[in-house]
Amino acid sequence: MADEHFWNPKTETLPREQLRELQLAKLRRQVAWARSRSPHYRRTLRDVDPDRLRTWADLDRLPFLTREEWMAGQEAHPPFGELPVVGPEAAIRVHTTSGTSGRTPLRALDGRKDWSWAADMWCYALWGAGVRPHDVGYVAFGYGSFIGFWGLHGGLEKIGALTVPGGAQTTASRVQQIVDFGATVVASTPTYALRLAQEAESLGVDLPRSAVHTLILSGEPAGSIPETKALIERAWGAKAFDTAGMTEVSTIVMFEPANQPGGCHVIEDHFIEQVVDPSTGREVDYGERGERVCTSFGRSTTPLIRYRTADLVVKVPGETAGNGRTFDLYEGGIIGRVDDMKLVRGTNVYPGAIEAIVRGHEGIEEFQVRLEHLEGRDEVILLVEPHPTLADDGWAALARDLTTDLADAHEGLRFLVRRAETGSLPRFELKAKRLTDLRAEQRAAAGTPAGISELSV
């Protein structure tokens, strides 16, 4: 039984040396399992002796797995590829990635043991955020094939909380259910938490006076952006907690505990998380930005060994949190994606950096970023949908401030800030897609070779 602070006190406070020994023992077992049963790993790990994986440096004996390899196997051997150790007849679930990237979703199989484990990983986060059996959890999620909050639902039930599945409804209906059921915990993406708050305001529902005291956020780096998180907490009058996971492991791999140390603890008794230089693949030191590489010990039906996630993170020692956990931290959670960065007239542009600035200004309902090639020059267009009550003079001041702040943060790069009509910009229930790059097709239409304008000023 979990104590006051920890879901699994024995491992969450395990001395680092013992934790490393536990990880390496689980690694040997997982590699042996995958190599003997998975067609993919039978081929890629054929020269690896699991018994020789005795030190952290021995991880380099294991090849990386990329999304492209997974997809190639899935296309060559549809529908599930070569990673699973069994066929669909021995599994109980299939889940997919969200598809928001525009690429074909990955498909992953789970068995009964896998699914119980996935729920347990969510318990680390829920219990760490203060969720208890007396709580009422509302899951604002569509319950489709995307993995989303399926595992969180199981985690709430495992803790013993009353769980309300909020699927197949309008946003207004969900707001009403949150109030009617007396929900104390609400789970959603950061973007949808803001959407729910906007809808509540239009319905005359005072969320800060509701029973909700905890928000569990996942699915977007926005949950770790301080400005976005503060905006959500003000709108709800509740504490927001960041988590992060992925379909590829069926659950979360990190969570933010109640004392909120400014980052997320990696669940290191069930994962090995390395941070590598995206270009060289070499592991970087504490405090350096790099790409997450994930090895999972809990999912046995679809093993995952040294998977390159494309998530950008900065790892710091767990002891810096001062909460008794020895698990390492990702400072600021997921801070972006390796493939998110865009180059505009020689300046690096990150969606997360734009959101941090936009969310730091009051009176903004929604926004979109468009990269366009106009009159021979690349431009960044920020479409802003202000609050309906914002007057024209207020909009002029807001647009002026946004233009200045964005330029200051991007080496003087000028953003074209434009007002969008009320309700005209898309709303998102799952992962938000706020940046659209139209430059390639516009250059092609204009007969301009790709890349010509990238260095123009």
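**Cores and strand pairing**

Ile216 touches Trp122, Leu126, Ala129, Phe149, Leu152, Val185, Val186, Ala187, Ser188, Phe241 and Thr243, leaving aside residues up to four places away in sequence; contact means heavy atoms within 4.5 Å. The model is predicted, with local features needing pLDDT of at least 70 and side-chain atom pairs counted only at pLDDT 80 or more, while totals for chains, interfaces and linings use all residues. Residues are numbered from 1 along each chain as its sequence is written, and side-chain values use heavy atoms, without hydrogens and water.

**Nonpolar cores**

- The largest nonpolar core (buried Ala, Val, Leu, Ile, Met, Phe, Trp, Tyr and Cys residues joined through side-chain atoms within 4.5 Å) has 69 residues, and Leu27, Leu62, Leu152 and Ile216 have the most contacts inside it.
- Helix 5 (residues 112-128) gives the most to this core, with 10 residues.
- Another core, of 22 residues, lies apart from it and includes Tyr138, Val164, Leu207 and Trp236.

**Helix 10**

- In helix 10 (residues 351-358), the buried residues (under 20% relative accessible area, 1.4 Å probe, protein chains only) are Ile354, Glu355, Ala356, Ile357 and Val358.
- Their cover includes helix 9 (226-236), helix 11 (392-409) and strand 17 (364-374).
- Helices (H or I, at least four residues) and strands (E, at least two) are DSSP runs, numbered from the N terminus.

**Strand 8**

- Of the 5 residues in strand 8 (residues 251-255), 5 are buried.
- Strand 7 (residues 239-246) runs antiparallel to strand 8 and is joined to it by 4 bridges; pairing requires at least two DSSP bridges.
- Met246 is opposite Thr251 in strand 8.
- The hairpin of strand 7 and strand 8 has 4 residues between the strands, and Ser250 there takes a positive phi near 75°.
- Strand 8 also pairs with strand 9 (residues 263-266), antiparallel over 2 bridges, with Met254 opposite Val266 in strand 9.

Methods: Buried < 20%, exposed > 50% of the residue type's maximum accessible area, 1.4 Å probe, protein only.
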